[in-house]
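This report describes one protein chain for a reader who has not met it before. Please look over the sequence and the model, then read on.

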Amino acid sequence: MRLQGKTAFVTAAGQGIGRAVVQAYLAEGATVTASDINGDLLEGLGLAEVMALDVTDKAALTREVNAAKPDILVNCAGIVHGGTLAEASDAEFDFAMNLNVRAQFHAMQAALPHMLERGGGSIVNIASVASSILAAPGRFIYGTSKAAVIGMTKSVAVDYVKAGIRCNCICPGTVDSPSLHDRLRATGDYDAALKAFIARQPMGRIGTPEEVAALAVYLGSDESGFTTGQAHILDGGWAAG
Ligand code: NAD
């Protein structure tokens, strides 16, 4: 059991990557607090307690992270806004920065005192390869917010490396999840959009949430004890060149 004796706090655990992370963490022996804005989605995970939590509610997020005192914090909540610079609105920009960036900042800040007291911890932020690594077309707001996640991750890693706290992020390419299918449908031509998404990943397929969860297990566990401040790419070869 690679996470035996560790407690983990996971946001947006109801579906997609977050849910797969919770399942993998439980399988590796971690004690997990799983949260999602839609608490009903957490049914079926086999947890004693499920928690409805909107990560943009700073007071609630801070309270719940304080209660869990996690060794591992997995910040998964995030939303994809489509559109170019010309199409971006202030409201969408604010929404994305609050959800994709500010909530990770608040969750990390809440977990920090507990990790400092314990002399260590591991933070895993979910970013995206569409960020400072590469630009996906029509992802102006999204890419900006995920680039901020990478910057935030590196900053935390540098400031707390001596305290034994590691902070890494995962940068997935396109991964199968319920919201991906919503985005494909929203294009108006699901099949063509799916084909285009697959085509940009040289391995010729989209990734699975379980593949992302496997990396999150590694980063949460002591096996990854020598890595911090890194943007770990998992994208079917998209960013390889
Ligand atoms: P998803 O988008 O299908 O599900 C997201 C989950 O987040 C849902 O369960 C939803 O209820 C929850 N959620 C939404 N707003 C919330 C809030 N304010 N507070 C708490 N929970 C909230 O899942 P996904 O596609 O696996 O995405 C998860 C993360 O992975 C996101 O940060 C996303 O940007 C990132 N990501 C996804 C892909 C992909 O292709 N799927 C690629 C790169 C990065």
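In this predicted model, the centres of domain 1 and domain 2 are 23 Å apart, taken over C-alpha atoms. Domain 1 is made of two stretches, 7-172 and 208-233, while domain 2 covers 175-206.

**Where the domains meet**

The size of an interface is often given as the accessible area lost when the parts come together. Here, domain 1 and domain 2 bury about 690 Å² between them. Carbon and sulfur atoms give 61% of that area. On the side of domain 1, three residues stand out: Q15, V80 and T208 supply 40% of the area that this domain buries against domain 2, more than any other three residues. Counted by contacts, 11 residues of domain 1 touch 10 residues of domain 2.

Side chains of opposite charge can pair when their charged atoms come close. Across the interface of the two domains there is one salt bridge.

**Salt bridges**

How many salt bridges does the rule count? The count comes to seven. One of them joins the side chains of E211 and R205, with N and O 2.6 Å apart. Another pairs R2 with E28, whose closest N and O atoms are 3.8 Å apart. This second pair links distant parts of the chain, as R2 belongs to the segment before strand 1 (7-10) and E28 to the loop between helix 1 and strand 2 (31-36), 26 residues away.

**The largest pocket and the largest cavity**

Which domains supply the lining of the largest pocket? Domain 1 and domain 2 each give at least three residues to this lining. The space in the largest pocket is about 950 Å³. Its lining has 40 residues, and those closest to the centre of the pocket are G78, I79, V80, S179 and R183. Two or more lining residues come from each of helix 1 (16-27), helix 3 (90-118), helix 4 (140-160) and helix 5 (178-186). Helix 5 has the largest share, with four residues.

V80 appears in two of these descriptions: V80 is one of the residues closest to the centre of the pocket, and V80 is also among the three that give 40% of the area buried by domain 1 against domain 2.

The structure also holds one cavity of 30 Å³ or more. Lining this cavity are T11, V55, N75, C76, A77, L99, A103 and Q104. Helix 3 gives the most to the lining of the cavity, with three residues. The table sets out the volume and the lining of each space.

| Space | Volume | Nonpolar lining residues | Polar lining residues | Charged lining residues |
|---|---|---|---|---|
| Largest pocket | about 950 Å³ | 23 residues | 11 residues | six residues |
| Largest cavity | about 30 Å³ | five residues | three residues | no residues |

The lining of the largest pocket thus includes six charged residues, whereas the lining of the largest cavity has no charged residues.

**A68 and its surroundings**

A68 lies in helix 2, which covers residues 58-68. A68 and A8 are 60 residues apart in sequence, yet their C-alpha atoms are 7.8 Å apart in space. Which residues does A68 contact, leaving aside its neighbours within four places in sequence? They are T7, F9 and T33.

Conventions:
Residues are numbered from 1 along each chain as its sequence is written. This is a predicted model: local features need pLDDT of at least 70, side-chain atom pairs count only at pLDDT 80 or more; totals for chains, interfaces and linings use all residues. Side-chain values use heavy atoms; hydrogens and water are left out. On a 1 Å grid over the protein atoms alone, a cavity is a set of points where a 1.4 Å probe fits but cannot get out, and a pocket is an open set with protein on both sides within 12 Å along at least five of seven lines; lining residues have an atom within 4 Å of a point. Grid points are joined across faces, edges and corners, and a volume is the space filled by probe spheres set on the points. Ala, Val, Leu, Ile, Met, Phe, Trp, Tyr, Cys and Pro count as nonpolar, Asp, Glu, Lys and Arg as charged, and the others, Gly among them, as polar. Domain bounds come from an automatic or database domain assignment. Contact means heavy atoms within 4.5 Å. Buried area is the accessible area (1.4 Å probe) that two parts lose on being put together, summed over both. A salt bridge is a side-chain nitrogen of Lys or Arg within 4 Å of a carboxyl oxygen of Asp or Glu.
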